[in-house]
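Hi everyone, thanks for coming along. Please bring up the sequence and the model on your screens, and let's walk through the structure together.

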Amino acid sequence: MARTALVTIACLAGLLSCLLLLNSLNSRSIRLTLRPCAKSDEDFIQLTEERLARFQRGLRFRTVSYDIGRQDTQQLAEMVSFIRSSFPRVHSAKSSVKLTVINQYSLLYKVQGSDSSLLPALLMSHLDVVPTDGQNWTKPHFDAVVEDGYIYARGTIDDKVGVFGILEAMEYLLAKDWKPKRTFYIAFGHDEEIHGFQGAARIAEHLRTVEKVQKLEFVSDEGMVVLDGFVSGLSAPAIIIGVSEKGYVNLRLSYNSTPGHSSMPPAESVIGVLARAVARLEASQQPSQLGNGPEKAILELLSTYLKLPFPANIAARVVLNNLWLFKPLVSYALSRNPPTNALIRTTTAVTMFNAGIKHNVLASSAQAVVNHRIHPSQTIQQVVDHDRQVIADPRIQIEILDGIEASPVADCEESSYAFQVVAGTAQQVFTDGRVLPGIFVAKTDTNHYLQFTRNVYRFTPNHIHMRDANRYHGVDERIGVTVFEKAINFYYHLLRNADLPREQVLGGAAAAACQGEL
Ligand SMILES: [Zn+2]
């Protein structure tokens, strides 16, 4: 009897596995049809001494943004004039590229396309950098020294690689008599690190009111990178294209009561009440959003790339392709690791706790600040409602200090022209990588351009190992010399590919050159 039951269960399990496997074979794929770019190509832009030196000089300007209203404007002005004198084709009076200086230090270039039926595209970067104060660098912060194949300086990866990469690409294209069909805008804000209110916001206003732009085909901005060691089982570098940006909200939790002497304390202290509220928030995290946002596409694609031994590879594919069934299991597994936990839910970080003034005086008030990074499928209101429910104590006041909603998710389907152009270009330049959409957990100033399109792709053409990720805004910021060369070629191909007809990017005419399914 027991044996028959076991056999029946085994058969049912086998049948279920077959069904799931069939389903997994129908998995998502990205079909990129652009020809890989090689150093031996006739149009490969080589990193000459001259190009490297221009980048180094650009890095030496200390264009630091400390805080809103606190920037080194002298350095910004000098960097702008250096740029204007260093790329003669871009800046000559006869150039087909027109520069408008916005709000003294931000730069907006326009290349008029010949076909007005095509929507313009916008490439972004920024001129300012974060401070290095208090950081223990082993290299000078702004000298741009080259050592062991890397250029070291604040701003190398965030984000002067974008500024100089794009300018080198434009200068090269103009030497080849560049006449695009699509209109391109290139925007370099000067205060991205302090929210872009003076730069990106004013450029966006100019685009809307003066240029009369209503819609953009896509926006390309800094963001995620090509990563080695992204997950175990993926031996190829992961080319991660940020298709959304988490929002954030800072909440102040507070509780006030009457002060008293510590010799006759009540059953509950102010600190105890607030501490319990905070402990509940940490114990009951915001709900998993697995399957509601782009992470579903990320996991499904990842499952097609994993090189795990049999039968782990099949098991991983079956699980990742059938999240409708395995969601609780996968959510649990992903929650155990902070980076993957941040992918699937709104995170909760208690960042401040203040109470009490004296050893023997009962505190009359206590405050805590909670910083949530909001998943694209939740709103600030939903996050606050969840917190209120979890705290379940009407004595605790919850106040929103500031916040920004998560950005909408850009198209990342096989049929999306904009995604294929950006992801395809990245794949074309970082030839051994595998494209994955991703959620950018930091902030950029792209929110100022969301009025023109939700197709904002956040990708910095930088290739690093996971362990180097903390160099962003951190110590010994650097970029590989050969990676900078790739970055120039990424922007060059991006400007060219975004000018290709839809059919060619999505298959059609270029199918012969297709490097196949990833
Ligand atoms: Zn940046």
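Let me start with a term: two strands pair if DSSP finds at least two bridges between them. The strands themselves (E, at least two residues) and the helices (H or I, at least four residues) are DSSP runs, numbered from the N terminus.

Some ground rules too. This is a predicted model, where local features need pLDDT of at least 70 and side-chain atom pairs count only at pLDDT 80 or more, while totals for chains, interfaces and linings use all residues. Residues are numbered from 1 along each chain as its sequence is written, and side-chain values use heavy atoms, with hydrogens and water left out.

So, which strands form the open sheet of 3? They are β6, β7 and β19, in the order β6-β7-β19, with antiparallel pairing. At the edges stand β6 (145-147) and β19 (478-480), each of which pairs on one side only. From one strand to the next, the twist averages 25°. Angles here run from 0 to 180 degrees between N-to-C directions, and the axes are lines fitted to C-alpha atoms, for helices over the stretch in contact.

Zooming in, 3 bridges link β6 with strand β7 (residues 150-152) in the antiparallel sense. If you want one pair to find, look for Glu147, which stands opposite Tyr150 in β7. Two helices to look at here are α2 and α5. Helix α2 (residues 49-59) lies across β6, β7 and β19 and runs at about 25° to β7. Helix α5 packs on the sheet as well, touching β7 and β19, with its direction at about 55° to that of β19. Contact, by the way, means heavy atoms within 4.5 Å.

Please keep α5 on screen, as we now turn to the metal. Which residues hold the zinc ion? Its protein donors are His126 (NE2), Asp158 (OD) and Glu222, the last listed twice through OE, and they lie 1.9 to 2.3 Å from the ion. Donors are N, O and S atoms within 2.8 Å of the metal (3.2 Å for Na, K and Ca), and since water is not among the atoms, sites may look incomplete. In sequence, the donor residues follow the spacing H-x31-D-x63-E. His126 sits in strand β5 (residues 121-126) and Asp158 in helix α5 (residues 156-175), so this pair ties together parts that are 32 residues apart in sequence.

What about the geometry? The angles among the 4 donor atoms range from 57 to 139°, and the site is irregular. For reference, four donors count as tetrahedral if all angles lie between 85 and 135 degrees; four count as square planar and six as octahedral if opposite donors are over 155 degrees apart and all others between 65 and 115; anything else is irregular.

Are His126 and Asp158 buried or exposed? Both are buried. Buried means under 20% relative accessible area and exposed over 50%, with partly exposed in between (1.4 Å probe, protein chains only). One more detail here: the peptide bond from Asp158 to Asp159 is cis, with omega near 5°, and Asp159 is also found in helix α5.

Next, the sheet of 4 strands. This one is open and antiparallel, in the order β13-β15-β11-β16. β13 (347-355) and β16 (397-404) are at the edges with a single partner strand each, so one side of each has no neighbour in the sheet. The twist averages 20° from strand to strand. Strand β11 (residues 247-256) pairs with β16 over 7 bridges, and the bridge partner of Val249 in β16 is Gly403. Helix α7 (residues 270-283) packs on this sheet, touching β11, β13 and β15 (365-374), and its direction makes about 170° with that of β13.

On to β15: 10 bridges join it to β11, with Tyr248 opposite Arg373. Another 8 bridges join β15 to β13. Of the 10 residues in β15, 7 are buried, so the strand is largely enclosed by the rest of the structure. Helix α12 (residues 380-391) lies across β11, β15 and β16, at about 155° to β16.

Last stop: the loop between β3 (97-102) and β4 (106-111), where we find Asn103. Asn103 has a positive phi of about 55° although it is not a glycine, and it counts as partly exposed at 23% relative accessibility. Gln104, in that loop too, has a positive phi near 75° and is exposed, at 59%. Thanks for listening!
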